[in-house]
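Got a minute to go through this model? Here are some quick questions and answers on it.

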Amino acid sequence: MYSSEQLKDWDKRYIWHPFTQMGDYMRSDPLVIERGEGFHLIDTEGRRYIDGVSSLWVLVHGHGRKELTDAMERQSKELCHSTMLGLANVPAIVLAKRLAEITPAGLEKVFYSDNGSTSVEIAIKMSYQYWQQKGEKKKKRFISFLNGYHGDTIGSVSIGGIDLFHKVYRPLLFRSYKSPSPYCYRCPLKLDRASCGMACVEEFERVVKRYRDEVCAVVIEPLVQGAGGMITQPEGFLRKVWTIAKENGLHFITDEVAVGFGRTGSMFACEQEGIEPDFLCLAKGVTGGYLPLAATLTTQEIFGGFLGRFDQFRTFFHGHTYTGNPVACSVAVENLALFEKERTIERMADKITLLRDELKRFSDLPAVGEVRQRGFMVGIELVKSRKTKRPYPPGAKIGQNVTLAARKRGAIIRPLSDVIVLMPPPGMDAGTLKELVDVTYDSIKEATGAP
Ligand SMILES: *Cc1c(COP(=O)(O)O)cnc(C)c1O
């Protein structure tokens, strides 16, 4: 319909891309995606690329799955949208029941929104309002982790811990207390994993004990800090942190926006350490990557704190216009059905091992400082000097150069600064997975000038 050239021209003229230095972008040759087919994306010039980061961590069973597009078509003919403010709709009810069934025990109430940032803001506001309504007026703060990421809205940035993204907005934010990140490769406490005894947990406990009277909740990305650089937590970290939070009477908010729906090898990350959070935030993979939808799940206990006479005003005064969109909910229901039908989680186990084996040879590359993996979440941290762990200068744009080299070889990946991220869809077949790793290896080799 439109020529590739025409589209690229209009793209540069009219679009402001997220998390993108537009000065660089304006000088680049934009890549315009036109179609998706299984685990590949196809551009306006017919070139095919492996979708190596699941279209920013959302895709699960592949593009163009008939079961999913049929569900959307069926629902869109019935009803595309009606409001959830005081009204219900069929797919939103069915999905809420399914989510309550498959998430950790105790999570029984589903509050919808439409993106990950809002799913976290909702948990924060609910926790705060719950304590206020309980008469705990001093509780106004949150504890979160350095290198944590919970979204881009002001509230979710306030509990974020990535200086590069968050520092400039600091004057606009509410204060939160930060605990060290379990970033063992660059331990903030300068300790060694083999002998540290998880001292960062003790540091967390100190923060909790010091501030608990004014703290509503602890907010964490369980098992992996995603946007902070695919920082994988040592085994047992999550459970310890949860136990300390609960012993000190704090709510525990798990942000599974990235790790949920299979990414770490189980349906939800919380399962792996048997924890039961007070709030669970879901988005990204919930619709299999087809439509925007998010959900904040919570307990009967929290929900009960909002019940009262109309004129007590204990209502949760929050609700986005497209909350609980029926088409998004119906595709989410079908996404969950596909998980069962295809035994997606069980079938990941062998592929996770394959991925681990294939990643071993990356340590041959002199620029690879560390390879981190949890399930299908992979971070390959590149360094200028492996011995001193000195990073590349930002101007070297090393991550971006690896991405461009991968693009030439037919894979779309996206770095987090100098960490090359692979986040293949849980349903990806072993062959494509291997191809993706090969392309990544060759691209790092080329961009870092390895022999
Ligand atoms: C992506 C992400 C978010 C934000 O989700 P959006 O849909 O982009 O608003 C929040 N938390 C985590 C852990 C994420 O990875």
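A polar contact here is a pair of N or O atoms within 3.5 Å; within protein, one must be able to donate a hydrogen and the other to accept it, and residues adjacent in sequence count only if both atoms are side-chain atoms. Keep in mind that this is a predicted model, where local features need pLDDT of at least 70, side-chain atom pairs count only at pLDDT 80 or more, and totals for chains, interfaces and linings use all residues. Residues are numbered from 1 along each chain as its sequence is written, and side-chain values use heavy atoms, with hydrogens and water left out.

Q: How far does a polar side-chain atom of N115 lie from an oxygen atom of the ligand?
A: N115 is one of the residues around the ligand, going by a heavy atom within 4 Å. Its polar side-chain atom and a ligand oxygen are separated by 3.1 Å.

Q: What is the distance between an oxygen atom of the ligand and an N or O atom in the side chain of K284?
A: Look first at S117, where a polar side-chain atom sits 2.6 Å from a ligand oxygen. For the side chain of K284, the N or O atom to ligand oxygen distance is 2.7 Å.

Q: How many charged residues does the shell around the ligand have?
A: Ala, Val, Leu, Ile, Met, Phe, Trp, Tyr, Cys and Pro count as nonpolar, Asp, Glu, Lys and Arg as charged, and the others, Gly among them, as polar. Sorted that way, the shell has 4 nonpolar and 5 polar residues, and the charged ones number 3.

Q: Why are the buried residues of helix 10 on the same side?
A: Helices are DSSP runs (H or I, at least four residues), numbered from the N terminus, and strands are E runs of at least two. In helix 10 (residues 237-247), F237, L238, V241, W242, I244 and A245 are buried, meaning under 20% relative accessible area with a 1.4 Å probe, protein chains only. They share a side because they cover an arc, taken from the directions from the helix axis to the C-beta atoms, of only 165 degrees.

Q: Is G62 buried or exposed?
A: G62 is in the loop between helix 3 (54-57) and helix 4 (66-78). Beyond neighbours within four places in sequence, G62 is in contact (heavy atoms within 4.5 Å) with G38, F39 and Y290. Its relative accessibility is 0%, so G62 counts as buried.

Key. Buried means under 20% relative accessible area, exposed over 50%, partly exposed in between (1.4 Å probe, protein chains only).
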